Amino acid sequence: MRTATATAAAVTTTLLGAGAAAVAAGRYAAGAALRPEPGCPLPGGPRLSVHSTAPGRVELTRSLGSLRPGTYGLDAPGVHAVVGPVLPDAPHGPDTVVRRLVAVTHGSLAPGTRVTLTPQVHLGNPRTALGLDHADVDIPGELGALPAWFVPAARDTWVITAHGLGSSREHPMVVIPFLHRHRLPVLDLAYRGDLGAPAPPDGLGHLGESEWRDLDAAIRYALRYGARRVILHGWSTGATMALRAAERSALADRISGLVLDSPVLDRRATLRSLAAARRIPAAVLPLAVRAAESRAGLGADRPPPGADPGALRVPVLVFHGPDDTLAPWGPSRRLAAARPDLVTLHTVTGAGHGAMWNADPTGYEEVLRRFLTPLM
């Protein structure tokens, strides 16, 4: 933490000069915003302390995050647990909250453990985490082999999932049991920059602007191995990847629908939030974000996905809400208003970024069922 603060202070001092200041700020901001550090939570992913545990219960620091409705993971080095809803009648202190403890899957939740509340409920793979048979497959991508999990099922419409910022292909496992019950094969993708996948040439993420080509490779793989049609289900930047694939893929006519969870449609706002979370000083944040946009190739000459609602050709279901501090939901509302014939917006309150399922798993899956039924 001291290193990050010192670096940020150095950037501030440099910006008092001219010329190379913008370059220095841009390099630091791009690295800070688009190269997330392992174990460093995204904005809205608060760090909490474990105060006590009891059978089926865990007492956590009281905060807006720990009071969120639904089901979440608790992460710490060597520790993972699953918590359910708040138990308002359970005894607790004035600064704590008690949630239902569903399971401790790794390590132990000792009092004093610092944990992060996360939308990632499962660790492992579909077999170890969900008890579902799967195949480990490699998808040929433009940068090299992309690892993926394939969970087979009877239908010839496949769902291809793409995780988002600060996450991994373990995150989409929250919906795999639901999809499996409805006999939909699932291809859960790891893309450039993920563990086991090729690194991007510049070492940076691009908020879906380059990563969508890996999703395009997954579409080709699915069609080669038995899919007749595909549905793309993405979270965060995975959702913007899905939109880009629908706009640009040569196989777009084989996409029958899009499910977009917390889509990043205002890249500047997301860059600002990411950079602020990495302690870029507020005084230089606007300049740093503009320079980071340039370095990552996200300038105004490259409109974000969804900027042209008239280009949509397939049904779209958007899960988003007003409490997302990383990807504002205003653009999702505008997209739905512009294309009410194709776009359905399901508003989820009380949910952080990428956590729309977590806030209301049963409600999320029922909305998803109604959307997918005519597309299966």
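**Note on the predicted model: two sheets, their helices and one buried alanine**

1. **Overall make-up.** Of the 376 residues of the protein, 55% count as buried. Keep in mind that this is a predicted model. Its secondary structure comes to 11 helices and 14 strands. Contacts that link distant parts of the chain are well represented: among contacts with a separation of 6 or more, 74% join residues 24 or more positions apart.

2. **The barrel.** Begin with the closed barrel. Six strands form it, in the order β1-β2-β5-β4-β3-β6. The pairing is antiparallel. Neighbouring strands of this sheet are turned by 45° against each other on average, direction ignored.

3. **Strand β5 and its two partners.** Which strands does β5 bridge to? Strand β2 (residues 57-61) is one of them, joined to β5 (residues 96-106) by five bridges. Strand β4 (residues 79-86) is another, and five bridges join β4 to β5. Both pairs run antiparallel. Some residue pairs help to find the register. On the β2 side, L60 stands opposite V97, and R57 stands opposite R100. On the β4 side, V83 has L101 of β5 as its bridge partner.

4. **The open sheet.** Now turn to the other sheet. Eight strands form it, and it is open. Read across it and the order is β7-β8-β10-β9-β11-β12-β13-β14. The pairing here is mixed. The edges are β7 (135-141) and β14 (343-347), each of which pairs on one side only. From one strand to the next, the twist averages 20°.

5. **Strand β12, an enclosed strand.** How many residues of β12 (residues 255-261) are buried? Seven of the seven are, so the strand is largely enclosed by the rest of the structure. Look at its neighbours next. Strand β11 (residues 229-235) runs parallel to β12, and six bridges join the two. β13 also runs parallel to β12, with four bridges between them.

6. **Register around β12.** Individual residues show how these strands line up. L232 has L258 of β12 as its bridge partner. W235 stands opposite D261 of β12. D261 also has a bridge partner in β13, namely F319. Trace D261 on the model to see both relations.

7. **The β-α-β unit.** How does the chain get from β11 to β12? Helix α6 (residues 237-248) takes part: β11, α6 and β12 make a β-α-β unit. The unit is right-handed.

8. **Helices α5 and α6.** Helix α6 also meets helix α5 (residues 212-224). Their axes come within 8 Å and cross at roughly 65°. The two helices are therefore roughly perpendicular to each other. The crossing is right-handed. From α5, the contact uses W212, L215 and I219. From α6, it uses M241, A242, R244, A245 and R248. A general rule helps when reading such lists: an α-helix has 3.6 residues a turn, so residues three or four places apart point the same way.

9. **Helices on the sheet.** α9 lies across β13 and β14. Its direction is at about 140° to that of β14. Helix α11 (residues 361-372) packs on the sheet too, where it touches β11, β12, β13 and β14. The direction of α11 makes about 170° with that of β13.

10. **The covered side of α9.** Which residues of α9 are buried? They are G330, P331, S332, L335 and A336. What covers them includes β13 and β14.

11. **A327, just ahead of α9.** Is A327 buried or exposed? Its relative accessibility is 1%, under the 20% cut-off, so A327 counts as buried. A327 sits in the loop between β13 (316-320) and α9 (330-338). Leaving out residues up to four places away in sequence, A327 touches S262, P263, V264, T270, H320 and H353.

12. **A327 and L271.** Compare sequence with space for this pair. A327 and L271 are 56 residues apart in sequence. Their C-alpha atoms are 9.3 Å apart in space.

Key: Residues numbered from 1 in each chain as written. Predicted model: local features only at pLDDT ≥ 70, side-chain atom pairs only at ≥ 80, totals over all residues. Heavy atoms only, no water. Buried < 20%, exposed > 50% of the residue type's maximum accessible area, 1.4 Å probe, protein only. Contact = heavy atoms within 4.5 Å. Pairing = 2+ DSSP bridges. Right-handed = clockwise from strand over helix to strand, strands pointing away. Axes fitted to C-alpha atoms, helices over the stretch in contact; angles between N-to-C directions. Parallel < 35°, antiparallel > 145°, perpendicular 65-115°, else oblique. Left-handed = near helix turned anticlockwise from the far one by under 90°.
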